[in-house]
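Me: I'm new to this structure and would like a close look at a single part of it. Could you take one residue, go through its surroundings, and then set it beside a few other spots?

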Amino acid sequence: MLTALVVPRPIAWVASTDADGKGNLAPHSFFTVASVRPPIIAFTSIGPKDTLRNIQATGEFTVSLVSDDAIDAANATSAPVPPDVDEAAAFGVAMRPSTLVAPPHVASSPAAFECRLRHTVGFEESTMVFGDVVAFSIDDEVLVDGHPEFGRLRPVSRLGRDEWGLPPEVVTRARPRG
């Protein structure tokens, strides 16, 4: 009920590496901004997944946005595979080196965050991961006057069950100033 009502949810396509450098790529739909100053993002891992174990072991990860042309690849990388399987390699997702952290990010993503683990908060069956954003990788094609434009990012979202949301219509409203 909760995940079908809290919609749409942006997707963090999280890349991590284990202590030996083996890659892992998985989408997580509990993803948000936790702080602007300092820049911190957060996502939640449901259960003790490879992503969580890798981040706890290395202290680093990346988050790539999932645009509408990558929806099938993101869905494929959610498959339950053994820890020694690199989802990016297994499902043909090209990766690009990061500038400040070891894990790469998705090459086709319009924007990615490079993060260092700040801390985790455990719940009964979930763990929320907070990461300090140490670098951004943003495709120039999505920028308008130096700022990302939603219509160019074309992000997809998760809804309930097997439902995904495509980029919605964008409307603007000037925010009240007082």
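Reply: Here is a walk around S64, followed by some places for contrast. A quick word first: this is a predicted model, where local features need pLDDT of at least 70, side-chain atom pairs count only at pLDDT 80 or more, and totals for chains, interfaces and linings use all residues. Residues are numbered from 1 along each chain as its sequence is written, and side-chain values use heavy atoms, with hydrogens and water left out.

S64 sits in strand β6, residues 60-64 (strands, E, at least two residues, and helices, H or I, at least four, are DSSP runs numbered from the N terminus). S64 counts as buried because its relative accessibility is 1% (buried is under 20% relative accessible area, exposed over 50%, partly exposed in between, with a 1.4 Å probe and protein chains only). What does S64 touch, leaving aside its neighbours within four places in sequence? Its contacts (heavy atoms within 4.5 Å) are I11, A12, W13, H105, V106, S109, A111 and A112. With V106 there is a detail to look for: a polar atom of the S64 side chain lies 3.0 Å from the V106 backbone nitrogen.

Now for the contrast. D84 is in the loop between α3 (71-76) and α4 (87-90), and it is exposed because its relative accessible area is 56%. From D84 to G165 is 81 residues in sequence and 31 Å in space, C-alpha to C-alpha. L2, in helix α1 (residues 2-5), is exposed too, since its relative accessibility is 65%.

Technical notes. A polar contact is a pair of N or O atoms within 3.5 Å; within protein, one must be able to donate a hydrogen and the other to accept it, and residues adjacent in sequence count only if both atoms are side-chain atoms.
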